[in-house]
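Colleague: I'm new to this, so could you walk me slowly through the place where the ligand sits? A look at the pocket with the second rank in size would be great too.

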Amino acid sequence: MGICVQKFGGSSLATPENRAHVCKRIIEAYNKGSMPVVVVSAMGRDGAPYATDTLLKLVKTDNNKGNARNLDMLLTCGEIISAVVLSETLNELGLQAQALTGWQAGIITDQSHGSARILSINTKKLFSLLENRIVPVVSGFQGVTSTGEITTLGRGGSDTTAVALAAVLKTGYVEIYTDVDGVKAVDPRLIPDAPTLSTLTYREIMEMAHLGAKVIHPRAVEIAMEAGVTIRVLSTTTTGPGTIISSGKEVEQRVTDRVVTGIAHLSNRAHVRIAGEQDFNQSRLALGIFEELAKHGVSVDLIYLSPDLIAFIIDEEMSVVVKEVLAPFKLNISVEEGFTKVSIVGAGMHGVPGVMARVVRSLEKAGVSIYQTTDSHANISCLIKEQKLTEAVRALFQEFELSNKEV
Ligand code: ADP
Ligand code: MG
């Protein structure tokens, strides 16, 4: 029996019309002779009645951040509703389907509420449905601990559910259906006609995902890479080959031809700068500061460390915490909100001279100031003001001729 794992995102499930497209995809796969295992996200985006953000607002207020365990219980309802609605629709169309919660699908996680990791999957229930030719419709983004606590896998975690199922069911392949026709060189919300990338390596998509491209959950890519699962990202509503993500030789070959594959950005960053009169390293103040931040669960990025200046960025949500945590050090600290980290990504930029010069030149020409930079073998990131994001992305898009990529 061939099995094919298909994951459908929130916007693909938002309306009856969208769900009709989803059913068509599932029925097509079934009619081709493979048994679909379907994974669903909560229906719709913020504002839709059962969307994740809407559910969050039931308890989360400015004063109440919410208890992580309770929030997980609440949020999992979104995917459960989605799974029930879709399997009922499939049943009406004559395809036998059964909705499953994450735990009914056998997904066991660790105890990190809000960002749990899948530890194991017991496939007994899934196989018994498949053997009876009943399509399992699994609620994505959720699992249960060994002690019976309900957990979620982090925003975008349904991708992870789908890839983990593909890994454990040994399908070697997973289809991620969404509202764009594949992974684009740039977030299409910024450049609507950005080309769709036909192939990407795991490394490139991981880099893009970690640097802010929300099209796929980074953990999903990690699991795919470990288990050798090929991911295809494609549109629910339009036909087209989408984007193939794998480590295939052909992909690697093509990737080396490009200097820059794509642009990603991470918004809502606050820039923290700590200026010192004494040597930070000698006084062990740097160590103290980073230890204190870690103790309070503050994750820092774009770190710059020198004897007289420490600078880094944080999620704006953590601004208040950081100010409180650092106050006792009695240093000259500024925490400024309204920044974005914009990054160019490409495995081919390694060792190519002049890439940084092109970044600086094009941003300068577009009137975008750079506040800090960092780079690795496969990316260059610049910290810029949020209101300059569109100009910056357009300038980089043009400079690196991303509109000319093969589609
Ligand atoms: P889903 O609900 O299907 O999981 P997501 O919102 O998680 O959908 O991911 C799809 C969205 O990701 C697109 O609508 C697009 O706005 C955004 N996105 C950001 N960067 C990219 C990119 N490089 N390529 C494609 N989509 C991107
Ligand atoms: Mg998603």
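Modeller: Here is a tour of the ligand site, followed by that pocket.

A little housekeeping to start: this is a predicted model, where local features need pLDDT of at least 70, side-chain atom pairs count only at pLDDT 80 or more, and totals for chains, interfaces and linings use all residues. Residues are numbered from 1 along each chain as its sequence is written, chains are lettered from A and ligands numbered from 1 in the order in which they are written, and side-chain values use heavy atoms, with hydrogens and water left out.

Now to ligand 1, which has 19 residues around it. To count as near, a residue needs a heavy atom within 4 Å of the molecule. R45, T178, D179, K184 and R189 come nearest. Sorted by class, this shell holds 8 nonpolar, 4 polar and 7 charged residues. Here Ala, Val, Leu, Ile, Met, Phe, Trp, Tyr, Cys and Pro are nonpolar, Asp, Glu, Lys and Arg are charged, and the others, Gly among them, are polar.

Let's zoom in on some polar contacts (pairs of N or O atoms within 3.5 Å). R45 has a polar side-chain atom 2.7 Å from an oxygen atom of ligand 1. T178 has an N or O atom in its side chain 2.7 Å from a ligand 1 oxygen, and for R189 the distance from such a side-chain atom to an oxygen of ligand 1 is 2.6 Å. On its own, ligand 1 has 570 Å² of accessible area, and the protein covers 89% of that (Shrake-Rupley method, 1.4 Å probe).

Next, the second largest pocket, with about 240 Å³ of space. A pocket is an open set of points on a 1 Å grid over the protein atoms alone, where a 1.4 Å probe fits, with protein on both sides within 12 Å along at least five of seven lines; lining residues have an atom within 4 Å of a point. The volume is the space filled by probe spheres set on the points, which are joined across faces, edges and corners. Q6, A29, K32, E175 and Y177 are the closest to the pocket's centre among its 14 lining residues. By class, that lining has 6 nonpolar, 3 polar and 5 charged residues. At least two lining residues come from each of β1 (2–8), α1 (16–31), β9 (173–178) and β11 (230–235). Those labels are DSSP runs numbered from the N terminus: helices are H or I with at least four residues, strands E with at least two.

Methods: A polar contact is a pair of N or O atoms within 3.5 Å; within protein, one must be able to donate a hydrogen and the other to accept it, and residues adjacent in sequence count only if both atoms are side-chain atoms.
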